[in-house]
Each structure stands twice: as C-alpha cells, then as structure tokens.
Amino acid sequence: MDTPTKFVYCNDLPSVAYATRILAHSPVLIIDCEGRNIGALDGALSLMCIGTERAEQIFVFDVLALRPFKHRLFPLFCILANSAVKKVMWDCRNDFLEILSEYDVMLTSIVDLQLAEVQARTTVKKERDFQRIVRFTWGSRPLPLRMVKQNSELFMGVHRLLGMDGCIRQAKLPTVGKDPEVVAMHKAAGSSIWLDRPLPPKLLAYAAHDIELIGALYEHFKESSWITPANELLLVAQSMRYAYSLFHQGRVAGDDVFGPCAVLPLEVLSDSRGHKVPCYGCRRMQSLSCYSVRKQGKKLQTRSNICRTCQIKALMKETKYPIIWVAIAPQM
C-alpha cells in the first residue's frame, strides 16, 4: 500500500510562521505551484508548495486563504528571494511568473531539473544530434522525421522538452507517479478546480506529492552526475534565463500559437552577448542566430520576424503563421 504524502496545510498565520521557521534552516527548497492555467492570460495561483531538501517536510500554502495577510508573509518572501538558498523546480517558468505576480517576489538561484535533463542528454548520456532530432517525432504534437530533416537549419540547436512524468518513467524511480484520479478530474473539469474552496483532500495531497516527485528526481540527478558541484552554477544561470523567458513574453492565451509547447527557447542553455533583435512571436530579444536569415553572398540581408523556436511551435500546432522578412540593420 502506498504511503500517503505527509504535509502541513498552511492557511493561517500560525501555520505560516511554523513553516517559515522550518524552511529558514534548509539550504535547498523544492517549489511547485498549482492553480488555474498558471502562467497564462487567465492564470491564477491557488497553492504554493514548498519542501525542504529531500522533501522531508512539505508545506502547502493556501494562496487564496492567505491573501488578506499578504503583508505578514514578509519573512517567507525573504527566504524565497535569498540567493543563498537554492530553489529546485521542474519547468520554473509559470511558477516564477505567478509568484512574481501574486507576491512581487522574484525567485533567485533556481535549479531547474527540466534543463538538467536536457543538458545530461549530451554531457552524460552522450546522445548524438540525430537523437535530438528524433525527439521531435515523439509524444504529443509529433512532427514527421522527413520534415525535421528537410528543415535542419530551422531545428539546429533546438531541443524538445520532456515532461516530469516522462522523466520519472525513464529514470525508473521507485516512486508513485501522479494520482490518476486527480489527473482525470483535471482533464474533465479543467484547472479551475484548484480555485474551489474547501479543496478536496485528494487535491492537497496531489499538490504535496509533486514536491516528493521533484525531490526524488533531484536526488537521482545528483546520484547520476547530471547535477554536480562543477555544473550547478551554470545550471542556475541557465535556469534564471529560463524563468525570465516567460517573464519577457508575458501572459498569453492558452490557445496562442506561441504559448506553451514542449520546445526549449533558444539562448537559455547559452547566452549570446551580441546584437539582439525582438521576436514578434515570443517577444524575447535574441541574437540573429535564433532566426531564419537570408544572405546576399556572405552578407546578412533579412531575418524572419519570428524566431526559429516560434516557427517550430507553429509547425507542431499545425498553424500557418506568415513569415515576414525584416531588413537587418547594419551593426555599428
């Protein structure tokens, strides 16, 4: 029989004070949020879940119940903003945006495990470039291999993302995955169920269990040398760029062609300090290498109005989006 996830439900000031005292002594925090379409145009935060290192203690903060006491949560906010405390997350982008929107607190020193998995494909697992390409033919919204290979310049250096469930399965961790009953509830009723009060115990347990899953992956990644003292500083820098990628784009509707999609934005794993221009899709400032370009001889003439990642999103969503060629201004 599965052991139920143990957690403390924080919906008043005494429980928050207790949680803050415990969390203040942990050099590593595991963070995950639940809510309605978090990160999207109509996104709303419901629960902010925080665990200590190895998820030994888990606290589920009821954002709605605590809203009248927001000004009393300053000690907790100081921990979240403390750059000396690592925040382990899986795909931090939406949670980063919602915590910033709700509390005006910017998370620091994020260690994003989704990025660590992408990095490990080449650095540890020694995957070849063909395997990177083949990933676009898997999972939801797959693309024909012929299309990917025929557009090699478009897909150059672009990575398809893996979800947390898929990573747990690949790692063969001895842990229970997401509750299928709650997954079915979410699929049937939508993510607005997170705004209901009182929340059913099953939903609270589901939210807390995600902290256990992220904690188990973090330990597995360290044991497998996917995360080491030598590469963690780089991973933090990459994770912060990942967090800000959605911040710069801003909220978009769930059905927006440039909205959520299992494609890693360019210039997250590495940063370019050269001349940058805006993408008309994701609105991020990116170097010219992130765009399709046209040349006359060796000289760049024009570039696509949307970056290569946004073009791939349109392909995966089977949406025809007009590519407009923009003149490239001479660089001084």
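Trainee: Which residue in β10 is the bridge partner of Arg294?
Mentor: This model is predicted: local features need pLDDT of at least 70, side-chain atom pairs count only at pLDDT 80 or more, and totals for chains, interfaces and linings use all residues. Residues are numbered from 1 along each chain as its sequence is written, and side-chain values use heavy atoms, without hydrogens and water. Strands (E, at least two residues) and helices (H or I, at least four) are DSSP runs numbered from the N terminus. Across in β10, Arg294 has as its bridge partner Thr302.

Trainee: In what order do the 3 strands of the open sheet lie?
Mentor: Two strands pair if DSSP finds at least two bridges between them. β9 and β10 (residues 299-304) run antiparallel, joined by 4 bridges. β9 (293-296) and β11 (325-327) are the edge strands, each pairing on one side only. The antiparallel order is therefore β9-β10-β11.

Trainee: Is Lys298 buried or exposed?
Mentor: Lys298 sits in the loop between β9 and β10. Buried means under 20% relative accessible area, exposed over 50%, and partly exposed in between (1.4 Å probe, protein chains only). Lys298 has 85% relative accessibility, so it counts as exposed.

Trainee: How far apart in space are Lys298 and Pro4?
Mentor: In sequence, 294 residues separate them. C-alpha to C-alpha, the distance is 63 Å.

Trainee: Against which helices do the buried residues of α9 pack?
Mentor: α9 covers residues 164-171. Its buried residues are Met164, Gly166, Cys167, Ile168 and Ala171. Contact means heavy atoms within 4.5 Å. The partners are α5 (113-123) and α11 (201-223).

Trainee: What span should the 23 residues of α11 have?
Mentor: The expected span is 1.5 Å times one less than the number of residues. The end C-alpha atoms of α11 are 33 Å apart, which agrees with the expected 33 Å.

Trainee: Which element gives the most to the largest nonpolar core?
Mentor: A nonpolar core is a set of buried Ala, Val, Leu, Ile, Met, Phe, Trp, Tyr and Cys residues joined through side-chain atoms within 4.5 Å. The largest one has 75 residues, and Met48, Ile50, Phe61, Leu113, Leu217 and Phe221 touch the most other members. With 11 residues, the element that gives the most is α11.

Trainee: How many residues make up the second, separate core?
Mentor: Among its members are Leu288, Cys307, Ala314 and Met316. The residue count of this core is 25.
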